[in-house]
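This report takes a reader new to the structure through the surroundings of its ligand and then turns to the cysteines.

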Amino acid sequence: MNLLTFRTEEDLNRAGAGLIASLLQTNPRAVLGLATGSTPIGIYEELVKLYQGGSVSFARARSYNLDEYVGLSGSHPASYRCFMNTHLFDQVDIDPANTHVPNGLAVDLEQECAYYDAMIEDEGIDLQLLGLGHNGHIGFNEPDDSLIAGTHAATLQHRTREANARFFDSIRDVPKQAITMGVAPIMKARQVMLVIRGESKAEIAKQALTGPITTKCPASLLQLHPNLVVLMDEAAGAWAK
Ligand code: GLP
């Protein structure tokens, strides 16, 4: 595990974007596993700047997002499809047909999850970007007695719905379920980049990265990944010094 802490948000964003850009420079057809939430926004902003400056192209890249709310269409402002279009896809030269976000409106959720897994299995993710939930979740793999390996429809914990209520008019509007990649596709990614920001994540970051490996803290499984890089700001990573 490569643990990096950054003095400023700008340094962290540049390092994160730099990792993705250098992957695309060496492998323009790279498959990116992408994440939503507030954590990766600064990294996407930096990537857009690199694209505008001509130092990176997404023209042949493909992407798979971690998750999507069940019941939201891609045009809903709080949907992860809309988030990705706004923060990255619409601002770079990626072919929209090469961007994948689970279909939250799928009639048959099981079939949608199996289809998503089959595409990922076929392509193989080169770099998976991840944020961290306050309860240790990754994607929407919530702490539990056991975890599900493949992509599945997950029931969101109240705390997770509370944390994500800021993207909706009220907590009542936050869907109760989401489709999420399971831990298997995440662990199979060739490289994982976990990004953690803010003092409120310091304790769970320490627990996930130095505590016991347990399904009660899904991010702790990342300790087993052979190529994990963790980017933290000083507030989240003070314990790592
Ligand atoms: C959501 C997403 C996760 C994300 C987490 C943290 O639950 N499904 O992928 O990592 O929120 O969000 P934030 O980065 O806003 O703290």
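In this predicted model, the side chain of Lys-201 places an N or O atom 2.7 Å from an oxygen atom of the ligand. Taken alone, the ligand exposes 390 Å², and the protein buries 96% of that area. Two further polar contacts can be set beside the one made by Lys-201, and the table lists them together.

| Residue | Protein atom | Ligand atom | Distance |
|---|---|---|---|
| Thr-39 | side-chain N or O | oxygen | 2.5 Å |
| Lys-201 | side-chain N or O | oxygen | 2.7 Å |
| Gly-139 | backbone N or O | nitrogen | 3.1 Å |

Thr-39 and Lys-201 both belong to the group that comes nearest to the ligand, a group that also holds Ser-38, Asp-67 and Arg-166, out of 13 residues around the ligand. When the residues of this shell are sorted by character, three are nonpolar, seven are polar and three are charged. As for where the ligand sits, the space that it takes is the largest pocket.

The cysteines give a second topic. How many disulfides does a search of the whole structure find? The search finds zero disulfides. Cys-82 has a relative accessible area of 19% and therefore counts as buried, the limit being under 20%. Cys-217 is likewise counted as buried, because its relative accessibility is 2%.

Terms used. Residues numbered from 1 in each chain as written. Predicted model: local features only at pLDDT ≥ 70, side-chain atom pairs only at ≥ 80, totals over all residues. Heavy atoms only, no water. Near = heavy atom within 4 Å. Polar contact = N/O pair within 3.5 Å; in protein donor to acceptor, adjacent residues only side chain to side chain. Areas by Shrake-Rupley, 256 points an atom, 1.4 Å probe, with all protein chains shown as cover. 1 Å grid on protein atoms, 1.4 Å probe; cavity = no way out; pocket = protein on both sides within 12 Å on 5 of 7 lines; lining within 4 Å. Sits in = over half its atoms within 2 Å of the grid points. Nonpolar A, V, L, I, M, F, W, Y, C, P; charged D, E, K, R; others polar. Disulfide = S-S within 2.5 Å. Buried < 20%, exposed > 50% of the residue type's maximum accessible area, 1.4 Å probe, protein only.
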